[in-house]
Structures are given as C-alpha cells and as structure tokens.
Amino acid sequence: MYLSVFPEDFEIKRGPLIRRWAAEGFIGRVRGSNLEEIADKYFDEFISRNIVTPIRIDSSGEVRSCRVHDIMLEVISAISVQENFISLLGNYSYSITGHDKIRRLSIHVGGGKEQDFSCRNLSHLRSLTILGCKEKPIPIALADLTLLRVLDLEGCGWLSDSDLKDICKLYLLRYVSLRSTNISKLPRAVGNLKELLILDVRSTYIRELPATITQLRCLKHLLAGRYKYYTRTHHVKHFASKEAVTIPAGLKNMSALQSIAPVNISSSFRAMHELGELSQLTKLCAINRKGVEKWRPFATSLSKLSYSLRHLSVFHIDKMEHGLEFLMDLSSPPLFLKKLYFWGRVSALPPWISSLSNLVRLSLRENYLESELVKILGKLHSLLSLKLYVNSYLGTELCFEHNLFPRLKQLMIDNLKNLDELSFKGGAPDLERLTLAFVKAPERGISGIENLPKLKEVEFFGIIVDSVVEGVIAAAKIHPNHPRVYRDETIDPRSLTRACRFAFFFPFNS
C-alpha cells in the first residue's frame, strides 16, 4: 500500500524507498541484519512477485528503480485510501472525506480535479510527500506538522531557503529529502533534528554544511552532490566534481554515519582527521581539488576504516598531479570493498586491488595507466562491472583472453584515445552489456563478438563513429543471441558550452 504515495508512472528508486520504509518504522528488526538489509529483501520480493516493474537494472542484476503498473497502482491506491493508510490529494479517483485523522499525505500534482483541503486536520500527520511540484499545491504551514517523521519534497521548485526554518522545527523528523530543489543553504537550526536518520540534499546548491550538522548523532545517511549522466540508461555517469560539500570539524560526533556522499576534502581538513572514528561507515566519496598534500589526513583515516568500508570513490581533479599516489602505500587498505571508483592520475594500480575478492564494480577515470590492466583486473573473480572512462588507460589494445573476467556482465569503454584494438578471445564469457564510445575508429577494429555467448546488447554513446557501429551490427546479425545494438547520440557534456543536451535512441534488431 505504501507504493501509492508515488504518482502514476513515477520512477521509484530503490535506495530512497527502502530508507523511507525504515524511517516509517515498517521494518522489523532481525538479529544479524540492519533495517535496510531487511528492506532490501522486501524490495526484491516485490520484484519476484511482479508487484512492480523493473526500470533500471545494474551490472549485478540488482533492480535500482521500478514502476508500479497502472492497474496495480489503482488497486493499492483504492485500498490505501479506504483503510486510511494513505490520503491522496489531487487524484480525482479517491476521496478523503470521512477520515478525521490523516497520518500519511501524498499530493499528486495534476492528478485531476482539485479537492478542498483547507478544512482538513493535519495535526496527526506523520508523513508528507510532494514530488516534482513547481508551485506550492496547498497552503500547508510546515511548522504546524509537529508529529511529522517523513518529509519528501523531491523536485519541488517552490521550496526556498526560508522554508527550511520551519522544517527545522519538526523535531521528530527521521527522513528529509530536499533532492532536486533550489535550496542553497541549510540553517544552523538543522542541528535541532536529533532524530534525523536520512538527509538527502542531492542535486541542490548546497556546498557547505553548518557546524551544527555534527549534532545529528543519529544520522546514518548524509547524501549530497550531483551526478552527470552521459546516456539515457545512466550506465555512464560521474559526480560533478565542483559540487562536493564541505563538512565542519566535529564529524567524529556523528558516530552512526553509514554513508557520506561527495566530501570536498580540501575544505574539510579537520573533519578528515576525524573521519577514521566513524566505525559504521560503509560508503564514502571524497573529492580533492587543491594539492596532493590534502590527501594525507584522509589516507590516515582511510586505513582505520579498512574493515567497515564497502563503497569507496576518490577523485583528484588536477590532471597534472599524481594525486592518487597515496593509495599505493595505505597501511591498512580496504580489502572488503564491493564498489570502487578511482578518478585521478596514479603511477600504477595499487597492489592491494588484486586482493579485493568481494569487488563487484570498478570504475577508472583519468588514471593514465600503462600497465597490463586487463591481466591484473581479469583475475578479480567477483567483478561484474568494469568501466574504463576517458584517459583511464593509455594502451593500444584491450584483449580479453581465456580465463579472465569469469563473471563480468558489463563493460564500458569511454573514448580511450590510444585504443586500436578491442578483442574478445574467450574471456568475459558472461558479458551481457557492452557500452562503447570512440574518439576514432580502432585501426584493428572490434573482434570476437561471437565469443560472448551471453551478450544481450551493445550501446554506443557520445559522438558515434558510424563505421564502428555498422561493424558491430553486422556481427550482431550472425550472433546466436542476436544482441540489440543501440545508438545513444547524446552530445558529450564535456564539449558543451550550454546547458542543453539532445539524445536520439535507435535500436537495431538483427
């Protein structure tokens, strides 16, 4: 029934949904598992029972977002309203009359005729959801919703910095999403939200967090920054490096933190000394724009987190410096990583990478590596996704030999300027998705497509070289699987001087 809070055709993201479930108190504790791990299993059961339709599936086969079928949404919405589980405003199909106590309210903008809501009693409201609304739909006084636990205002263009003062008076809040809004500053009063578990300010203009943020001792997820996407499928993406946030000193007080989205370490020097005290931290993204020496306190703290970290992203923006060289000499590297993203120049792959037996996803960018990349990474037996972004590798060939990459399902190659040959000679036998962009056609071409028995699709993006696409289409026609070939002709954001992007999607069926 909770899925009825989302409007028709809305893309429901896995992460926010399971965090909302946990914040609402729907998830019962099981010994040995945290609430979000249990919620993950519930989400997977929704998929297996066809309650929701998968939209985005990652390289490991995990559904990252879904959509509720129209008929299913009609059924669960009717039941939700009838049981007074959720009240819907803006949807002409359902009436909320007869319910004195409204506990969960979702406002669906443009759902049909307007309802008179001025006389409704909102004093019992526990959850408020308004998604993608450009203008304030009804005159709600946020400061009066004193029992509110969950507040999701993603995409609300009417939200301003002044509204946050009222939100910070809601002392029982556990989940706050201000994602994709125009807010630029969190007030000092945010430190009053002592019960807050999740704070999502992604795709906003917030670049610095107030000192009082460190008073949020229950906070588990601090999500900021912004992604740039290069394809319609979002398989090719990276953090916008200029939009990392500055974290104040006192970070060690936030002992419950499990994930911190991009941190500007060059402006968070004291906080980086304290980072190693966060023993619960599993996900960390750090960006440096000001000199190699700024990594020193981060490196010390990183060694203290070697047992807890599962996701690590490190970005050094200066292309002229060997900014990630500190990774070569970590006293205690994070050997339990599942996801790893390196952006920045380094002399070689850190030696401890070969010991990452649990690594599922690896992304490299602007590393200028010249070593035998494929042979080193090909021995990572758990690796499902490998993404080689621009200038990650300077070699002239990528050859996938037998016994390499035994479980790899996704390979992405983004404009490796020196690459003359891409060949598959028995390696990566489980490869399903191949995503490619070329500055120029490889002189020795792409060969061995027929040696990828499980290949399902090939996706080209960026500035597309027609001769390369035609060669792959020809190979796909005689492949036993008949993989689909896509052209995602999106103008590369790296070459844009304006904010607009254009995408054309052409599927080819052999």
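Trainee: Hi! Before we look at Arg 207 and Glu 243, what is a salt bridge?

Mentor: Good place to start. A salt bridge is a side-chain nitrogen of Lys or Arg within 4 Å of a carboxyl oxygen of Asp or Glu. Keep in mind that this is a predicted model. Arg 207 and Glu 243 form such a bridge, with their closest N and O atoms 3.3 Å apart.

Trainee: Where do the two residues of that pair sit?

Mentor: Arg 207 is in the loop between β9 (198-200) and β10 (221-223), while Glu 243 is in the loop between β12 (237-239) and β13 (259-264), so the bridge ties together parts that are 36 residues apart in sequence.

Trainee: And is Glu 243 buried or exposed?

Mentor: Glu 243 is buried, with a relative accessible area of 17%. Its partner Arg 207 is partly exposed, at 26%.

Trainee: Okay, how many salt bridges are there in the whole structure?

Mentor: A search of the whole structure finds 23 salt bridges. One of them joins Arg 14 to Asp 44, with the closest N and O atoms 2.8 Å apart. That pair links distant parts of the chain: Arg 14 belongs to helix α1 (residues 14-24) and Asp 44 to helix α2 (residues 35-48), 30 residues apart.

Trainee: Why does Arg 14 count as buried?

Mentor: Arg 14 counts as buried because its relative accessibility is 2%, and buried means under 20%. Asp 44 has 37% relative accessibility and counts as partly exposed.

Trainee: Which residues are linked with Arg 14 in a network of salt bridges?

Mentor: The network links Arg 14, Asp 40, Asp 44, Glu 62 and Arg 64.

Trainee: Nice. Can you show me another bridge, this time with a lysine?

Mentor: Sure. Glu 432 forms a salt bridge with Lys 456, and their closest N and O atoms are 3.9 Å apart. Glu 432 lies in the loop between β21 (421-425) and β22 (433-437), and Lys 456 in the loop between β23 (446-447) and β24 (457-461), so parts that are 24 residues apart in sequence are tied together. Lys 456 is exposed, with a relative accessible area of 52%, whereas Glu 432 is partly exposed at 24%.

Trainee: Let's switch to the strands. In what order do β1, β2 and β3 form their sheet?

Mentor: The 3 strands form an open sheet in the order β1-β3-β2, with antiparallel pairing. The edge strands are β1 (12-13) and β2 (53-57), and each pairs on one side only.

Trainee: How many bridges are there between β2 and β3?

Mentor: β2 and strand β3 (residues 63-67) pair over 4 bridges, in the antiparallel sense. If you want a landmark there, Pro 54 stands opposite Cys 66 in β3.

Trainee: What about β17, which strands does it pair with?

Mentor: Strand β16 (residues 339-343) is joined to β17 by 5 bridges, and the two run parallel. Lys 339 stands opposite Arg 361 in β17. β17 also pairs with strand β18 (residues 385-388), over 4 bridges and again in the parallel sense. There, Leu 362 has Leu 386 in β18 as its bridge partner.

Trainee: And how many residues of β17 are buried?

Mentor: In β17 (residues 361-365), 4 of the 5 residues are buried, so the strand is largely enclosed by the rest of the structure.

Trainee: Now the surface. Which residues make the nonpolar patch?

Mentor: Met 1, Ile 71, Val 75 and Ile 79 make a nonpolar surface patch of about 360 Å². Among them, Ile 71 is in helix α3 (residues 70-82) and is exposed, with a relative accessible area of 61%.

Trainee: Last topic: loops. What does the side chain of Asp 420 make a polar contact with?

Mentor: With the side chain of Lys 440, at 3.4 Å. Asp 420 is in the loop between β20 (410-414) and β21, and it is buried, with a relative accessible area of 13%. Leaving aside neighbours within four places in sequence, the residues in contact with Asp 420 include Thr 396, Pro 442 and Gly 445.

Trainee: And where is Asn 391?

Mentor: Asn 391 is in the loop between β18 and β19 (397-401). At 11% relative accessibility, Asn 391 counts as buried. Setting aside neighbours within four places in sequence, Asn 391 is in contact with Glu 366, Asn 367, Tyr 368, Leu 416 and Lys 417.

Key: Residues numbered from 1 in each chain as written. Predicted model: local features only at pLDDT ≥ 70, side-chain atom pairs only at ≥ 80, totals over all residues. Heavy atoms only, no water. Buried < 20%, exposed > 50% of the residue type's maximum accessible area, 1.4 Å probe, protein only. Patch = residues over 30% accessible without salt bridge, like charges linked within 9 Å, V, L, I, M, F, W, Y side chains within 5 Å. Areas by Shrake-Rupley, 256 points an atom, 1.4 Å probe, with all protein chains shown as cover. Pairing = 2+ DSSP bridges. Polar contact = N/O pair within 3.5 Å; in protein donor to acceptor, adjacent residues only side chain to side chain. Contact = heavy atoms within 4.5 Å.
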